[in-house]
Structures are given as structure tokens and as C-alpha cells.
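Student: Could you take me through a close look at one part of this chain? I would like to hear about the loops and the backbone angles in them.

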Amino acid sequence: MLCPRCNIDLIEGTSDEEEVNLCQKCSGALIKQKMLIPILKKVSGVMPDKVDENTFLPRLNDIGAVAACPDCKSQMEHYGYMGSNIVMIDGCNECNWIWVDARELVVMAKLYTQSNLNYERSRANRMAKVIDETYINNDSKESILEMILFDD
Ligand SMILES: [Zn+2]
Ligand SMILES: [Zn+2]
């Protein structure tokens, strides 16, 4: 398959036994939809700069939709990752390929990290609320703490 940006052959490799195609010139990647989260986790793990809930992620300058899916040649859908317009990526609904440009993957990993932190915080807030209500309304706080602290 050819890089949709550079028109040269993509290098085929695997990540978690799934096919991943890389362009050696622009470092863009063609990956299967289901591989996106596992790959973002890997990228998050090696990112040098720390990201927290308050890190401002500026919108990446969108270099535009790719011409066509490198595999089936149909028009790919150009859309904002996680429903925001910070990173615009391209996906093929026919073959479930996603095309990500090199710098996009890093920003997506930051967005992914941020959404996980927000999730963890709201989970902690919910848990704190349950404990508060338990303290106020009855004396079953021991069992709630047991639930949190012990596995069984
Ligand atoms: Zn390329
Ligand atoms: Zn396709």
C-alpha cells in the first residue's frame, strides 16, 4: 500500500500481532481502528512531557483530508478525534483503517491521557460522595471501605 501523503510504499510491521503500516518518509501510520487505543497507550508511556487535566492542548493545524484509503481507494472520512477539533484524522469505514500523521499520534496520546485522568477523577469524586452519604445516613462505612480496600 502507498502512503496517502507521499505516495511511496508503506513499511508493513505488526503491533500486538496486528498489521501496522508506517511511512518512512513522513512517519504517518495506517492502523486498524481497534489498534488505536493500544497504540495510544504505548505512545503515552514514552511521552517526555507530562500531561494533566489542565494541560492546554492547542488545535493542530489541519493539513487536510487524505486523498483516498490506501487499501480500498474509497474516500476516507475526515473527523475530529474524540469529537473535538484538536486533531483531525482520517478513517475508512470500509476497511476500518485509520490514517494518522506522525504529530497527530502524539497529540492524540495526550488527549487520551487527559480523558483517562478526567475519568479517574470523576470516579474518585463519585466514590467520595458515596462514602460521605454513607457516613451521614448510616453506619455501614466499614463495609464500603472493605469493598474498596479488599478484593474479596
Ligand atoms: Zn508518507
Ligand atoms: Zn479502505
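Tutor: Happy to, and let's begin with Glu-17, which sits in the loop between strand E1 (11–15) and strand E2 (18–22). Strands here are DSSP runs of E with at least two residues, helices are runs of H or I with at least four, and both are numbered from the N terminus. A word on the source: this is a predicted model, in which local features need pLDDT of at least 70, side-chain atom pairs count only at pLDDT 80 or more, and totals for chains, interfaces and linings use all residues. Residues are numbered from 1 along each chain as its sequence is written, while chains are lettered from A and ligands numbered from 1 in the order in which they are written.

Back to the loop: Glu-17 is not a glycine, yet its phi is positive, near 65°. Glu-17 is also exposed, having 5 other C-beta atoms within 10 Å. On this scale a residue with 12 or fewer such neighbours within 10 Å is exposed, one with 20 or more is buried, and anything in between is partly exposed, with C-beta atoms placed from the backbone.

Now turn to Met-82, in the loop between strand E4 (77–80) and strand E5 (88–91). Met-82 is another non-glycine residue with a positive phi, about 60°. It counts as exposed, with 12 C-beta neighbours inside 10 Å.

To place both loops in the whole, the chain has three helices and six strands, in the order β-β-β-α-β-β-β-α-α from the N terminus. Of its 152 residues, 22% count as buried.
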